[in-house]
Amino acid sequence: MKTPPTQDNGIRLNKYVANAGIASRRKADVLISQGKVKVNGTVVLEMGYRVMPGDEVRFNNKVIKPVKNKVYFLLNKPKNIITTVKDDRGRRTVIDLLRRATKERIFPVGRLDRDTTGLLILTNDGDLAKKLTHPSHEVKKIYHISLDKAVTDNHIQEIAKGLDLEDGIAQVDKVSHLAGKEKTEVGIELHIGRNRIVRRIFEHLGYQVRRLDRVYFGGLTKKDLPRGRWRALTDKEVIMLKHFV
């Protein structure tokens, strides 16, 4: 059994960075490996390094500390918006859409590529971000997909069984044509979170994805949330994500 953090053995550096609202713990590992984090003036590349009481931690040469005021937002992301905190090419990001939402430093939980629309959570709670993105927690996501041509029943069955992609089997929970829609419209439910996984599933079978929309994420839906709008999560929703998802 691992020893829990105490005043004596400190807190892991990646968790400290995440709890400061810089990024999820997984992204914090990347930032640390890139040499962007210093402890007491020295660059630390070890994710498991333990920050002790009284240590000064800097990210990009700015002092950071764990946040006390944790905030949670749900965004219905539109197209042509980048799911990142900052874009080196000057493109609009999801953070730009929430500039007036909070003074806290927030980050997106997981990713939606530029052309994908739908539900995205933004927060400064690193522990929740880890839970929602780690495969072991199997957080359910549902997507609606519009394709360039009708999907055959055989291909629906192949997807349901799990396609063998270049990075392993793409296991989905459910897949079907959308009721009352053309057969170019498909719904897919899954909990895996590999890069561009939904697009790659259909591209593997020779389809082009015209539209991809995440309509369900961890118990949350787009009800009363128009495209491009955001809202704060309720206390009940935060409890659900932390303890029941």
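Is aspartate 224 buried or exposed? In this predicted model, aspartate 224 counts as exposed, with a relative accessibility of 69%. The residue sits in the loop between β16 (220-221) and β17. Its backbone is worth a look too: phi of aspartate 224 is near 60 degrees, a positive value in a residue other than glycine.

Arginine 196 tells a similar kind of story. Here phi is positive as well, at about 55 degrees, although arginine 196 is not a glycine. This arginine belongs to the loop that runs between β14 (185-190) and α6 (197-204). With a relative accessible area of 37%, arginine 196 is partly exposed, because that label covers values between 20% and 50%.

Next come the aromatic rings. Searching the whole structure turns up one aromatic pair. Its members are phenylalanine 73 and tryptophan 230, whose ring centres are 5.5 Å apart and whose planes stand at 90 degrees, so the pair is edge-to-face. The cut-off behind that name is an angle over 60 degrees. Phenylalanine 73 is part of strand β7 (residues 72-77), while tryptophan 230 is part of strand β17 (residues 230-232), so the pair ties together parts that are 157 residues apart in sequence. As for their surroundings, phenylalanine 73 is buried, at 6% relative accessible area, whereas tryptophan 230 counts as partly exposed, at 32% relative accessibility.

Rings can also have a charged group for company. In one case, the charged end of lysine 149 sits over the ring of tyrosine 207, and the distance to the ring centre is 5.3 Å. In another, arginine 214 lies over the face of phenylalanine 217, 4.5 Å from the centre of that ring.

Now for some helix packing. Two packed helices are described by the angle between their axes and by the distance between those axes. For helix α4 (residues 126-133) and helix α7 (residues 235-243), the angle is about 60 degrees and the axes are 9 Å apart. That makes α4 oblique to α7, since the angle falls between the 35 degrees that bounds roughly parallel and the 65 degrees where roughly perpendicular begins. The crossing of these helices, α4 and α7, is left-handed. Where they meet, α4 brings Leu128, Lys131 and Leu132, and α7 brings Leu241, Lys242 and His243.

Two single residues round off the picture. Alanine 170 is found in strand β12 (residues 168-170), and it is buried, with just 1% relative accessible area. Leaving aside residues up to four places away in sequence, alanine 170 touches Ile159, Gly162, Leu163, Leu165, Ile192, Arg194, Ile197 and Ile201. One of these partners is Ile192; isoleucine 192 lies 22 residues from alanine 170 along the chain, and their C-alpha atoms are separated by 7.9 Å.

Arginine 25 has its place in helix α2 (residues 25-33). Despite its charge-bearing name tag, so to speak, arginine 25 counts as buried, at 14% relative accessibility; the limit for that label is under 20%. Again leaving out residues up to four places away in sequence, arginine 25 touches Asn14, Lys15, Ala18, Asp127 and Lys130. Its C-alpha atom and that of valine 39, which is 14 residues away along the chain, are separated by 17 Å.

Key: Residues numbered from 1 in each chain as written. Predicted model: local features only at pLDDT ≥ 70, side-chain atom pairs only at ≥ 80, totals over all residues. Heavy atoms only, no water. Phe/Tyr/Trp six-rings, centres within 6.5 Å; stacked < 30°, edge-to-face > 60°. Helix = DSSP H or I, 4+ residues; strand = E, 2+ residues; numbered from the N terminus. Buried < 20%, exposed > 50% of the residue type's maximum accessible area, 1.4 Å probe, protein only. Lys NZ or Arg CZ within 6 Å of the ring centre and 35° of its normal. Axes fitted to C-alpha atoms, helices over the stretch in contact; angles between N-to-C directions. Parallel < 35°, antiparallel > 145°, perpendicular 65-115°, else oblique. Left-handed = near helix turned anticlockwise from the far one by under 90°. Contact = heavy atoms within 4.5 Å.
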